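Student: I have a model open beside its sequence, and I would like to learn how to read its features one by one. Could we begin with a pair of strands?

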Amino acid sequence: MPTAVTKPPLHAPRIERLLMVPLFALPILWLAGYFFPPINHDVGAILAVSGRWIDGQKLYVDVIDENLPLTFIVHAVPVLTAKVLPGDVPFWFTAWMVAGIFASFFACRRLVRLVPSADHALTEGLLPPVLLFLFTVLPNEHFGQREHIMFVASAPYLFASMARAEGVSSSRGTAIAIGLVAGVAFALKPYFLAIPASVELYLLIRRGWRATLGDEIPWSILAVAVIHLVLMYTVFSAYGRFVMPLAVEAYSPIGDAGWWQILTGNVMAPTLIALLIFGAFAVFLTRTLAARALVAFGIGAAVSAIAQAKGWPYHLLPALSVAILLAALTISQTVDRYLPISRSGHRLPVSVISATLMVLLYFQAALYTPPFFKQRQYEDSVGGILRHIVEQNAPHRTILTLSPGIYPFWPMLNYVHGRMTMRFLTMWVLQGVYATCEDFPALYNPPDTMSDSEKFVYDAVSQDFAAGKPDLLIVDTIPGMPRCQGKVFDYLEYFRQNNTFADAFAHYEHLMDFDRYRIYRRRKR
């Protein structure tokens, strides 16, 4: 007697659509929240430097920051857009980020179909919403950080590498485009180059020299890296000759921690454990070469985060994203392999499994970091209150800050269309100089014993203060340096040793103390 074929319920397609729509609609709504202030403080500072460069100041001379030239070139795009279209720079930065997210997402949706081992119902159904979650929800307060930009821009490279591991290559034009975009992303920080190095090393071992030499993607990435390196010593020669050595000397010690402290950090340790476990599951359970390429990407991302030696959470965004992708790939590939699901007859189970896992991800993300907490609390935050102080007391919206921190001055200055009147954004050079306290040092080095770097900052800040005549001088009482001889480093006391600074400061009066800051206002004539 023939076995009866069980037909799916008539209402299954409707339920399937109801389950899948929120998985794509929710990230879109989530992206809308990023248009509300504040943008990330590091993003605001980089946009400010790009803006000053576009307005005619010489990069690494009139405005000095330790970031690479390509960082400011990329961030010049929203600055230029705001000059020709309605809307301020933070709005256009977010708009460009959203556009990049959707462009990368749709490219990845097409590329995942090239991966032979991903040609299954659940894998194709689960990976896209997970990827959209990683692009939109996971970054939260770190939205727009360079690690976030890098992961979004390099995701097509990731999926193309998964396909390449299984012997499938994109067309020549597509491969070059993927490589160039990924090359720009990886060149934003030198540490990011650990990712293509790890992936291409795996592919070299897997495919051999002939396939690697004929592959356009790694050559395109290398071309961008070489061009960027040349720019550092030609067009932006001040970076290669002056700022990069200064950063190595003074910026590297800031926030530096021992390897054990880095590896056992609150975010680093769980991420590395997750990468290890999910990587092992992906390799030994799914047994796909694509999973191994994903593991190689994750290893490079982890090396990048560790090499930065800061342990800051946003450094781990790419590695954490890969860990989540590995988990999704392991689940989907295992189900597809051992419990084959056809596309035509079992779309509802695919939707149910995908929706269940995605709800779990959203729920965990909301527990880890309350959604849009900074946006909801902005008006009452230190940055929001400081914004009102500047608007009421700085008619020209000009300030000079003696502080180790970017926040809360950025993104506040972005929103009030204000300007920093010195070439440095923070006192990062002095932080590096005074990062350690010797046995019996003077609290401040005498000018005639200062290193070239310290003397440059000592004079440059004083000259900028006198020439810029900012409306407000804001002094941070927490210098970001260790106490020496039981005393706290006082930025104002330090710079008042300089006659140029002291003469300019004579025109200022104490306005108020707010939070950790002493605020001085230029006297009216």
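Tutor: Let us begin with one pair of residues, keeping in mind that this is a predicted model: methionine 512 has isoleucine 519 of S5 as its bridge partner.

Student: Which residue of S5 is the bridge partner of glutamate 509, and in which sense, parallel or antiparallel, do S4 and S5 pair?

Tutor: Glutamate 509 has arginine 521 as its bridge partner in S5. Strand S5, residues 517–522, pairs with S4 in the antiparallel sense, and six bridges are found between them.

Student: How many residues lie between S4 and S5 in the hairpin, and what is the phi of aspartate 515?

Tutor: The general idea to hold on to is that most residues other than glycine have a negative phi. In this hairpin two residues lie between S4 and S5, and aspartate 515 belongs to the turn; its phi is near 50°, a positive value in a residue other than glycine. Aspartate 515 is also exposed, because its relative accessible area is 57% and the exposed class begins over 50%.

Student: Where does arginine 397 lie, and is arginine 397 buried or partly exposed?

Tutor: Arginine 397 lies in the loop that runs between helix H18 (382–393) and S1, and its phi, near 60°, is again a positive value in a residue other than glycine. Its relative accessibility is 24%, so arginine 397 counts as partly exposed, given that buried means under 20%.

Student: In what order do the strands of the open sheet come, and which are the edge strands?

Tutor: When reading a sheet, one follows the pairing from strand to strand. Here five strands form an open sheet in the order S2-S1-S3-S5-S4, with mixed pairing, and the edge strands are S2 and S4 (508–514), each of which pairs on one side only.

Student: With which strands does S1 pair in the parallel sense?

Tutor: S1 pairs in the parallel sense with strand S2, residues 419–420, over two bridges, and it also pairs in the parallel sense with strand S3, residues 472–476, over four bridges. For individual residues, threonine 398 has arginine 419 in S2 as its bridge partner, whereas leucine 400 stands opposite leucine 473 in S3.

Student: How many residues of S1 are buried, and which of them point one way?

Tutor: Strand S1, residues 398–402, is mostly covered, with five of its five residues buried. Thr398, Leu400 and Leu402 point one way, while Ile399 and Thr401 point the other way, and all are buried. From S1 the chain crosses to S2 through helix H19 (residues 409–416), and this β-α-β crossover is right-handed.

Student: Which residues does a cis peptide bond join, and where does proline 408 lie?

Tutor: Cis bonds deserve a second look, because most peptide bonds are trans. One cis bond joins tyrosine 407 and proline 408, with omega about 5°, and proline 408 lies in the loop between S1 and H19. Another cis bond runs from tryptophan 410 to proline 411, where omega is near 15°, and proline 411 has its place in helix H19 itself.

Student: Is glutamate 200 buried or exposed, and what does its side chain contact?

Tutor: Glutamate 200, in helix H8 (residues 194–207), counts as buried because its relative accessibility is 13%. Its side chain makes a polar contact of 2.8 Å with the side chain of arginine 164. You can read glutamine 308 in a similar manner: this residue lies in the loop between helix H14 (289–307) and helix H15 (317–338), it counts as buried because its relative accessibility is 6%, and a polar contact of 2.9 Å joins its side chain to that of lysine 189.

Student: What is the volume of the largest cavity, and which residues line this cavity?

Tutor: The largest cavity has a volume of about 40 Å³, and its lining consists of Cys108, Arg109, Val112, Leu127, Pro128, Leu131 and Phe159. Helix H4 (89–112) and helix H5 (121–136) are the elements that give two or more residues to this lining, which divides into six nonpolar, no polar and one charged.

Student: Which helix gives the largest share of the lining of the second largest pocket?

Tutor: The largest share, eleven residues, comes from H4. This second largest pocket has a volume of about 780 Å³, and of the 26 residues that line it, Gly100, Ala103, Val152, Ala153 and Val181 are the closest to its centre. By class, its lining has 21 nonpolar, four polar and one charged residues.

Definitions and conventions:
Residues numbered from 1 in each chain as written. Predicted model: local features only at pLDDT ≥ 70, side-chain atom pairs only at ≥ 80, totals over all residues. Heavy atoms only, no water. 1 Å grid on protein atoms, 1.4 Å probe; cavity = no way out; pocket = protein on both sides within 12 Å on 5 of 7 lines; lining within 4 Å. Points joined across faces, edges and corners; volume = space filled by probe spheres on them. Nonpolar A, V, L, I, M, F, W, Y, C, P; charged D, E, K, R; others polar. Buried < 20%, exposed > 50% of the residue type's maximum accessible area, 1.4 Å probe, protein only. Pairing = 2+ DSSP bridges. Right-handed = clockwise from strand over helix to strand, strands pointing away. Polar contact = N/O pair within 3.5 Å; in protein donor to acceptor, adjacent residues only side chain to side chain.
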